[in-house]
Every structure is written in structure tokens, then in C-alpha cells.
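Please open the model in your viewer and keep the sequence panel beside it, since each stop below asks you to select something and then look around it.

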Amino acid sequence: MRLLALAVTTALALPALAYAQALPALPALDETPAQRTARRAAMTPPVPQEDAALQAAIGSSARPAADVARDVYRRPFETLTFWGLTPGSTVIEIEPGRAGWWSAILQPYAEATGGRYVAVNRPLESMGVEDGTADMVVVARAFHNWHRANRTAPYLQAFFKALKPGGVLAVEQHRSVDGLNPDETAPTGYMPESYVIRAAQAAGFVLDEGGRSDINANPKDDRDHPYGVWTLPPVRTSAPRANNANDRPTPLTEAERAEYDAIGESDRMTLRFRKPN
């Protein structure tokens, strides 16, 4: 079933989703294609700063070649500039994973500028810093997992507590069509942008003015894939996975594999929230 068929109306009740009652109201994001095109055209792109240390970290020969090949989709310099990374910052990365794509940039950058990089895998046990001392918390493509495990609210509360006043919550997340039910989209890896924004607001964060960016947008991605977002690069799942009822029961043909590779990586929201002063 295509994800677009899952769109909810304003009258649809979602009793299983506690956030529907708990989160504050948010201006509608159910834009028409024309409205979205106009909004993107009006957006001011981040202005790259002369940050030689960041350029050096991104351009380092120590980064794996496979990581560097993904820069065209993940745009590390523009994204970190948008999030407001500065020299000497204390940066916490949440669940960096074994590949550590962001950590391969953030850790050497922190070391070169007198900052501090902290990888945190269990936020509810420890955020790795004293409360109110972090400059930035980076969350990359994790909200779909947290939603399925009912961890979104407690995790965001932990991030809020760790950040200093004025500190930044930096988010990159696979983006579904807005207005869909997160219970339905989360198993595919995609989440509605309005859900992420409202969840962060409920934890006390403020979405910065200009804090929504399409730096990592991909208009080729229609989010309708046989094995969820993992069909696309870099994972490139090409056959049904064991015990996954959401997967198509048949593998991709060679032509289909080429079609999904041509899409590139997923359409992603890039958001910048701030802990109020």
C-alpha cells in the first residue's frame, strides 16, 4: 500500500498516539506542491563561514572513502553551518552507530578547536556531560526508532537538561509526507516533520526562526519503497528481511535496483531547535 493512502484527515482520531493530546499546536505543514516550491525559493541558504578547522575535518584523508562519497547527499559543511557549530563547542551525538558518519567529522573538529565531542548511546542512563553544559546535541535519523519504542519524549527531555541555555538541538531525519500517521510511517524509516517539531516543542525547545531547512531535501524520493527507506542507498536492501511484515515479499529486479539507486539517499528534514535562555 502506498504511503500516500495513509494520509489522515483532521477528523481522524488516533487514540494510540498520546502526543496528539500532549503536544502544542503547530502551524499546518500540509503544503501544496506550489506552496512548498515557493517556500523553498524564499528560504535563505546558510552562509558558509570561514571555518578552516571544519573544512579540514570534512576534507581529511582519514575519513573513509565511503563516507566522503555520501557528502553529496548529506552536505556536512552546509548542514553543520546551518546548525550553528562553532569552534570550542561541546557537542553530543546521540546514537552515532558503528559507522560513525558524523563522529568522523565532529570528533576531530572538537579536538582541533579545543572543544569536546561526546557519543551517547543510552541517553536515559547518562548524557556524558554535566547538566546545562552542552552547546549542541546532534540527532541523525533516529526519531522513527524512538517513536516505535516510546522513547521520544524522555529522550528529548534528557537532551534539554544536558544543553546550556541557548544550546542547539540539531536534527536530521527521513521525512514522510506531512499529515500521515507516525505509527504507520515509523516502520518505513520516515517521520512527519510536524511530529518532530511538536515533540521537540513539548520538551521545551523552540524552533529557531529560519530553523527549517531543505539543505538535505531530495525531490526524487517519493517515500514509496519495497523495504522502507533502507531500499535506498547507502543500505540498498534488495530483498525482504526476515520477520518484517512491512517488506514486499519478492526481491528487487536488476532494473528496480538501478531505479532506486538513481534516487539517491532519502528526502530529509534538517531542523534547528534551541533551549530558551
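A residue is called buried when its relative accessible area is under 20%, exposed when over 50%, and partly exposed in between. The model on your screen is predicted, and that should be kept in mind at every stop.

**First stop: a pair of strands**

Select Asp-135, which with a relative accessible area of 22% is partly exposed, and then add Lys-164, which also counts as partly exposed because its relative accessibility is 30%. The side chains of these two residues form a salt bridge, with 3.0 Å from N to O. Asp-135 belongs to strand S3 and Lys-164 to strand S4, so that the pair, 29 residues apart, links distant parts of the chain.

**Second stop: the sheet**

Now show the strands as ribbons. In which order do the 6 strands of the open sheet run? The order is S2-S1-S3-S4-S7-S5, and the pairing is mixed. S2 and S5 (206-213) are the edge strands, each of them pairing on one side only, and from one strand to the next the twist averages 20°. If you zoom in on S1 and S2, you will find them paired in the parallel sense over 5 bridges, with Ile-92 standing opposite Val-118 of S2. Helix H7, residues 103-113, lies across S1, S2 and S3 and runs at about 145° to S2. H11 also packs on the sheet, where it touches S4, S5 and S7, and its direction makes about 15° with that of S7.

**Third stop: the nonpolar core**

Select Phe-159 and display what surrounds it. Setting aside residues up to four places away in sequence, Phe-159 touches Ile-94, Pro-123, Met-127, Val-137, Val-139, Trp-146, Leu-169 and Phe-205. Phe-159 is among the residues with the most contacts inside the largest nonpolar core, which has 32 residues; Ile-92 and Ile-94 are also among them. Elements that each supply at least two residues of this core include strands S1 (90-94) and S3 (134-140) and helices H8 (143-148) and H9 (152-162). Apart from this core lies another, of 22 residues, including Leu-85, Ile-105, Val-168 and Ala-170.

**Fourth stop: helix H11 and its charges**

Select residues 193-202, which make up helix H11. The helix is largely enclosed by the rest of the structure, because 8 of its 10 residues are buried; among them are Glu-193, Tyr-195 and Arg-198. Just after H11, Gly-204 takes a positive phi of about 110°.

Return to Glu-193 and look for its partner: the residue forms a salt bridge with Arg-175, the closest N and O atoms being 2.9 Å apart. Arg-175 sits in the loop between S4 and helix H10 (182-185), and both Glu-193 and Arg-175 are buried. Salt bridges that share partners join these two with Arg-212, Asp-214, Arg-223 and Asp-267 into one network.

Another pair to select is Glu-172 in S4 and Arg-268 in S7, 96 residues apart; their side chains meet in a salt bridge at 3.4 Å, N to O, and both residues are buried.

**Last stop: a charge without a salt bridge**

Finally, select Asp-67 in helix H4, residues 65-69. Which side chain of opposite charge is nearest to Asp-67? That side chain is Arg-63, 5.0 Å away, and Asp-67, although buried, has no salt bridge. Leaving aside neighbours within four places in sequence, Asp-67 is in contact with Gly-100, Trp-101 and Ala-104.

Conventions. Residues numbered from 1 in each chain as written. Predicted model: local features only at pLDDT ≥ 70, side-chain atom pairs only at ≥ 80, totals over all residues. Heavy atoms only, no water. Core = buried A, V, L, I, M, F, W, Y, C linked by side-chain atoms within 4.5 Å. Buried < 20%, exposed > 50% of the residue type's maximum accessible area, 1.4 Å probe, protein only. Helix = DSSP H or I, 4+ residues; strand = E, 2+ residues; numbered from the N terminus. Contact = heavy atoms within 4.5 Å. Lys, Arg positive; Asp, Glu negative; His and termini not counted. Salt bridge = Lys/Arg side-chain N within 4 Å of Asp/Glu carboxyl O. Pairing = 2+ DSSP bridges. Axes fitted to C-alpha atoms, helices over the stretch in contact; angles between N-to-C directions.
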